[in-house]
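Me: I should like to learn how to read the features of a protein model in order. May we go through one together?

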Amino acid sequence: MLIPGDVVVMGNTDDNIEEAIKIATHTAKENRRKKKIAEALDVAGELDNEAKDNEASKVDDYADLVDDCMPYVDEKAIKAVGKRKRYLLKIMISLICVLTALFVCFALIFVIASSSGRKKLKQDSPNNPELAGDDIRYQDNYVYHNGNKYKYNESIITILVMGIDDKQDSDTNILVIIDTDKEKISLININRDSIGKVKVYNPAGEYITTSDIQIALAYSYGNNEEQSCKLMKDTVSSLMYQLPIHGYISVNMSDIPDINDSVGGVTLTAIESVGKKIKEGKEIKLSGKLALKYVTERDSRSGEVGTNSIRLKRQNQYINEWYKQFASYTDNSPSKIMDVYGSLKTCLVSDLDFDEIVYLSNIVSKCDLSWEDIYELPGTYERSNYYDEYIIDEDELVELILDIFYGVDN
């Protein structure tokens, strides 16, 4: 090796030679070109012996050595890069295959669950309505009324959605009507003050009698949430001539802020002033407790009869706007609808299982809801013993049921 202190015109030759040896040795190990590296080492040794005599020559020889070794280094580097690219390509292809397989599996599970959900909802379907009234007669599963022949629409699925207040009454009752063939949704907002036949039970859960009272009270006679929901479902079905109701969903009214905010809030133009912040005719984005106030607020102690009537109008408006926001928020995607349902599942009580929810999500994702598709049961308000009573107009109710649930078959 060179003696410390030797000077070369182009830097420290001792360091240069050692670097050349390192390069040559590394190249030999990597490329297994023993003969070429041996020659390179010999050149390096000669450079070392001649260092004191001809520094300039050593620099030239070093440059030649580096030039001689570099093609093999470059060739190895190129091969390494190519190998790495092929490795990454294999990983990408494998990842795409796995994701595709997962997507196919998810789609298959979704299809199977959806099909299963439809069968479950239909197999336990109650009998068709038992309409009664003037000029109503049955023959061969057809209903004849006012010269028309009607047939019940078997493609309809109905779900009762209930909002439970602090007194454990079913304060809000909305019948969701899904026409699976036409892919259409309609709603009937059923007045909580409607007078219907309610089964009354004692605290021990024993049946006492059936009374004509406000249907909202039916919920309070259950011993648990599931039984209360079942009593409410039976009461609403009875009120509408034993109309089939395939399932139910109930939620505490106090959970409305979470339901509202789950779709990013609801913007609407208030049709009535409620509290200090909601002014009639003003556009407002309802979030949190504001949504709860707009949907539930009313003065039940007012001397005015039928205070729930205007609240129903607010609820109908809110439901319509919420559904629009819901459709926009989920982009009408069944999987995103399932995500929203999953985020709210802890505050819901329902007799619908996973397969049925998947099926309904798939149908709902294809449906629109307009203001014209939201109905109320026909009737008028009376006051008896300090309580408001909503008396159903039976003739108009029959017409409404025929219009929504039947098709004319002449």
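The dialogue below moves from the whole chain to its sheets, helices and loops.

Me: What should be noted before any detail, and how many helices and strands are there in the chain?

Reply: The model is predicted, and it should be read as such. The chain has ten helices and 16 strands.

Me: What share of the 410 residues in the chain is buried?

Reply: Buried residues account for 44% of the 410 residues. The surface may be described alongside this: the chain exposes about 22800 Å², and carbon and sulfur atoms supply 52% of that area.

Me: How can one read the separation in sequence of residues that are in contact?

Reply: One takes the contacts between residues at least 6 apart in sequence and asks what part joins residues at least 24 apart; in this chain it is 59%.

Me: How should a sheet be read, and what is the order of the six strands in the open sheet?

Reply: Strands of a sheet pair through backbone hydrogen bonds, in either a parallel or an antiparallel sense. Here the order of the six strands is β12-β9-β4-β5-β6-β13, and the pairing is mixed. The edges are taken by β12 (348-350) and β13 (374-376); each has a single partner strand, so one side of each lacks a neighbour in the sheet. Neighbouring strands of this sheet are turned by 20° against each other on average, with direction ignored.

Me: Within that sheet, how many residues of strand β5 are buried?

Reply: Ten of the ten residues of β5 (residues 170-179) are buried, so the strand is largely enclosed by the rest of the structure. In general, the side chains of a regular strand alternate between the two faces of the sheet.

Me: In which sense does β5 pair with strand β4, and over how many bridges?

Reply: β4 (residues 156-164) and β5 pair in the antiparallel sense over nine bridges. Within this pairing, Val161 has Ile174 of β5 as its bridge partner. The two strands form a hairpin with five residues between them, and Gln168 in the turn has a positive phi of about 65°.

Me: How many bridges does β5 form with strand β6?

Reply: β5 and β6 (residues 184-190) are joined by seven bridges, again in the antiparallel sense. Val176 stands opposite Leu187 in β6, and Asp179 has Lys184 of β6 as its bridge partner. This pair is also a hairpin, with four residues between the strands; Glu183 in the turn has a positive phi of about 55°.

Me: What is the order of the open sheet of four strands?

Reply: The order is β1-β2-β3-β16, with antiparallel pairing. The edge strands β1 (136-139) and β16 (406-408) each pair on one side only. The twist from one strand to the next averages 35°. Helix α10 (residues 394-405) packs on this sheet and touches β1, β2, β3 and β16; the helix direction makes about 80° with that of β16. Inside the sheet, three bridges join the antiparallel strands β2 (residues 142-145) and β3 (residues 148-152), and Val143 has Tyr150 of β3 as its bridge partner.

Me: How is a helix crossing read, and at what angle do the axes of α7 and α8 cross?

Reply: One gives the approach of the axes, the angle and the handedness. The axes of α7 (residues 307-330) and α8 (residues 334-344) come within 9 Å and cross at roughly 120°, and the crossing is right-handed. Phe326, Tyr329 and Thr330 of α7 make the contact with Lys336, Ile337 and Val340 of α8. By class, this contact has four nonpolar, one polar and one charged residues.

Me: Which residues of helix α6 are buried, and against which elements do they pack?

Reply: In α6 (residues 289-296), the buried residues are Leu290, Ala291, Tyr294, Val295 and Thr296. They pack against α5 (256-261), β10 (266-269), β11 (283-286) and α7.

Me: Where is Asp140 placed, and is this residue buried or exposed?

Reply: Asp140 lies in the loop between β1 and β2. Its relative accessibility is 61%, so Asp140 counts as exposed. Asp140 is not a glycine, yet its phi is positive, at about 50°.

Me: Where is Gln242 placed?

Reply: Gln242 is in the loop between α4 (225-239) and β9 (247-252). Gln242 also has a positive phi, of about 60°, although it is not a glycine. At 35% relative accessibility, Gln242 counts as partly exposed.

Note on methods:
Residues numbered from 1 in each chain as written. Predicted model: local features only at pLDDT ≥ 70, side-chain atom pairs only at ≥ 80, totals over all residues. Heavy atoms only, no water. Axes fitted to C-alpha atoms, helices over the stretch in contact; angles between N-to-C directions. Left-handed = near helix turned anticlockwise from the far one by under 90°. Contact = heavy atoms within 4.5 Å. Nonpolar A, V, L, I, M, F, W, Y, C, P; charged D, E, K, R; others polar. Buried < 20%, exposed > 50% of the residue type's maximum accessible area, 1.4 Å probe, protein only. Pairing = 2+ DSSP bridges. Areas by Shrake-Rupley, 256 points an atom, 1.4 Å probe, with all protein chains shown as cover.
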